[in-house]
Amino acid sequence: MKIFKLFKKDTWIKPFLGKYRKSLFFALVLGFMTFFCGGALMFNSGYLISKSAAHPENILLVYVPIVLTRAFGIGRPLFRYLERLTSHNWVLKLTSELRLKLYKVLEKDAVFFKSKYQTGDILGLLSEDIDHIQNLYLRTVFPTVIAWILYMFIVIALGFFSLWFALIMLLLLFVQVILFPFMAMLVNGARQEKQKILKNKLYAELTDNVLGVSDWIFSQRGEEYLEHHKEIEDKLQDVTRQIKKSNHYRNTGVQLMFGVIAIALLLWAGIQFPGNHGGAANWIAAFVLVIFPLIDAFAPLGDAAQETNIYQDSLKRLNDLSNESDERMYGTDKRELRAPFVITVNHLSYYYPDAVKQVLNDLNLSIDSGQKLAILGRSGSGKTTLAKLLRGDLQPSTGSLKLNNVDVKELGESVSEYIGVIHQTPYLFNTTISNNLRVGNENATTASLWNVLERVGLKQLVESLPEGLETIVDEAGLRFSGGERHRLALARILLKDAPIVILDEPTVSLDPLTEQGLIETFMQQLNGKTIIWITHHLQGLSMMDKVIFIEDGELKIEGSPSELATTNEHYKKLLAIDHGDYVVK
């Protein structure tokens, strides 16, 4: 199976197994003892009931079973509790080591990692993959190994009474312990993979189209999108139903097999211990009842095995991190570039490893020093991906992106000296205003801070605060409005004095008046710098030197705002929509 192949080459889990092997062994022993006590409790109870019903002449004949029943009755929850403590302690030690290793890998190779995976994949690693490894042991490895130990113990124990019946039980329990779990992995493995693909596709498309819902409405294709969405959702529900149906059939088969085992034990015990009442016949109930608590050990194995199809993705992704980090190609030397700063994009294409289609396709573009460029396009068209490529957060799949004839990837961390970014929702840290501003330049003087605050129109606001520059900013900057947070982000950029500034839809959530005021501030204070403005709206585009429109990863429209407003019908339509003059027919 695929997961066993992954374990052979694993560099994340195996190194820690030996480190905590004593705790691992102890957890398995306690797990075995839990089910042993459960079976022994029913065994003694069955014998005690039969023996008591036979009117024993001496109370001493049932005293030992009574004591054992009490001992096993206390032992079962006690061992269960200790097993849970030990196994969870072992797993938590393991996962704490894995988290530490993961964070070190991400810290060292963050840029490389972002170039290979989408943000959702990164979040998936941080929030799910380590938890999947934890569940792999708690829900699959521990229950399966304990069930195998019980399986061998039962067969060996029956061998002391009857070799031929031990062989029969070997076969019957093989169906429960090996065959049903294997069939669960085999039958539902492909379905779970299909389910995962459909879920990812549904989530990606839903996110894209919710963000770009206005584009669907204006293009009069809303019904088309809803039908497409419903089609994928129906496929997902169909696969989910198939998985549930398969699980139902398997669980029914498991219960029927336990019924067969119970009948087989009854028949065997009747032959092995003949008699009408008392004596040897008392063992019949004991042997038959012992099977019922063992159902708890064997029945969950199908679900446990089936879940390995989910865990193997996490195991593969974690191991791929180590392999890929050795292949990184980013420059570590600080490169000194001189003005003028010219960006050239040559036959650039980009796609995520698991993407169905390219995000950007054979893009060619030149951005001169001091040029004001606006990038338009609906959600998912590739414009934000282009911004990440410009900043060096992603690397091209093919083609090149250069700053003064130097690949951006070779600039390494020094790229921040030349390119600054103002995002949709600038983050403010839970510290003082001065510390938040010095993110742009840690050596900035107090006079410099007041100067940039005056330039972005926040000086009076900060002066009115009780502690001025030393006022603590609430976490995420909630003390400030959206426009004020963007102005503080602009102040950081001014302190950094980067010659190129990317505005990644900074006005998307603002009201029209605030938006217009912020745009004017940006253009005024960034005058002379290269501005790359990514936006949905056309408000303020008249102040730009050049406008490009990206559709499905390709450059569709290119020209000055005045030129496009008179010659390009699509741009005219966008202007009408943005101004509210376009009527949907």
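Let's start with one residue: at 41% relative accessibility, Asp-362 counts as partly exposed. Why "partly"? Because that label covers everything between the buried limit of under 20% and the exposed limit of over 50%. Asp-362 sits in strand E2, which runs over residues 360-367. Its backbone has a quirk too: Asp-362 has a positive phi of about 50 degrees, although it is not a glycine. Keep in mind as you look around that this is a predicted model.

Now hop to His-347, which lies in strand E1 (residues 343-350). His-347 also has a positive phi, of about 45 degrees, and it isn't a glycine either. With a relative accessible area of 42%, His-347 is partly exposed.

Let's zoom out for a moment. The protein chain is built with 21 helices and ten strands. It has 585 residues, and 46% of them count as buried. On the outside, the chain exposes about 30,300 Å², with carbon and sulfur atoms supplying 58% of that area. How much of the contact network joins residues at least 24 apart in sequence? Take the contacts between residues at least 6 apart: 76% of them join residues at least 24 apart.

Next, some spans that come from a record. The unreviewed UniProt entry has the annotation "transmembrane region" on residues 24-47, 59-79, 136-158, 164-187, 253-271 and 283-302. What does the model show for residues 24-47? That span is 100% helix and 0% strand, and its end C-alpha atoms lie 35 Å apart. Residues 164-187 are likewise 100% helix and 0% strand, with 33 Å between the end C-alpha atoms.

Let's pick out a residue in helix H3, which covers residues 21-53: Gly-31 lies here. Is Gly-31 buried or exposed? With a relative accessible area of 3%, Gly-31 is buried, because anything under 20% gets that label. Leaving out neighbours within four places in sequence, Gly-31 is in contact with Glu-83 and Ile-146. Arg-80 is 49 residues away from Gly-31 in sequence, yet the two C-alpha atoms are 6.8 Å apart in space.

Helix H4 (residues 60-108) gives us Val-67. Val-67 is partly exposed, at 36% relative accessible area. Count 23 residues along the chain from Val-67 and you reach Asn-44; the C-alpha atoms of these two are separated by 9.4 Å.

Further along comes helix H9, spanning residues 222-272, and Ser-246 is part of it. Ser-246 has a relative accessible area of 16%, so it is buried. Who are its partners? Setting aside residues up to four places away in sequence, Ser-246 touches Val-187, Asn-188 and Arg-191.

Then there's Ile-284, found in helix H10. If you again skip residues up to four places away, Ile-284 touches Leu-266, Ala-269, Gly-270 and Phe-273. Gly-46 is 238 residues from Ile-284 along the chain, but their C-alpha atoms are separated by 8.0 Å.

That brings us to how helices sit against each other. Two packed helices are described by the angle between their axes and the distance between the axes. Try it on H10 (residues 282-289) and H11 (residues 291-298): the angle is about 15 degrees and the axes are 6 Å apart. An angle under 35 degrees counts as roughly parallel, so H10 and H11 are roughly parallel to each other. At the contact, Phe-287, Val-288 and Leu-289 of H10 meet Ile-291, Phe-292 and Pro-293 of H11. By class, that makes six nonpolar residues, no polar and no charged.

For another pair, look at H18 (residues 482-496) and H19 (residues 512-525), which pack at an angle of about 5 degrees with axes 11 Å apart. That angle makes H18 roughly parallel to H19. Which residues meet here? From H18 come Gly-483, His-486, Arg-487, Leu-490 and Leu-494, and from H19 come Thr-514, Gly-517, Leu-518, Thr-521, Phe-522 and Gln-525. The contact of H18 with H19 has four nonpolar, six polar and one charged residues.

How values were computed: Residues are numbered from 1 along each chain as its sequence is written. This is a predicted model: local features need pLDDT of at least 70, side-chain atom pairs count only at pLDDT 80 or more; totals for chains, interfaces and linings use all residues. Side-chain values use heavy atoms; hydrogens and water are left out. Helices (H or I, at least four residues) and strands (E, at least two) are DSSP runs, numbered from the N terminus. Buried means under 20% relative accessible area, exposed over 50%, partly exposed in between (1.4 Å probe, protein chains only). Contact means heavy atoms within 4.5 Å. Accessible areas come from the Shrake-Rupley method with a 1.4 Å probe; for residues, only the protein chains shown count as cover. Axes are lines fitted to C-alpha atoms, for helices over the stretch in contact, and angles run from 0 to 180 degrees between N-to-C directions. Angles under 35 degrees count as roughly parallel, over 145 as roughly antiparallel, 65 to 115 as roughly perpendicular and the rest as oblique. Ala, Val, Leu, Ile, Met, Phe, Trp, Tyr, Cys and Pro count as nonpolar, Asp, Glu, Lys and Arg as charged, and the others, Gly among them, as polar. UniProt positions are given in the numbering used here, feature names are shortened, and annotations may be inferred rather than shown by experiment.
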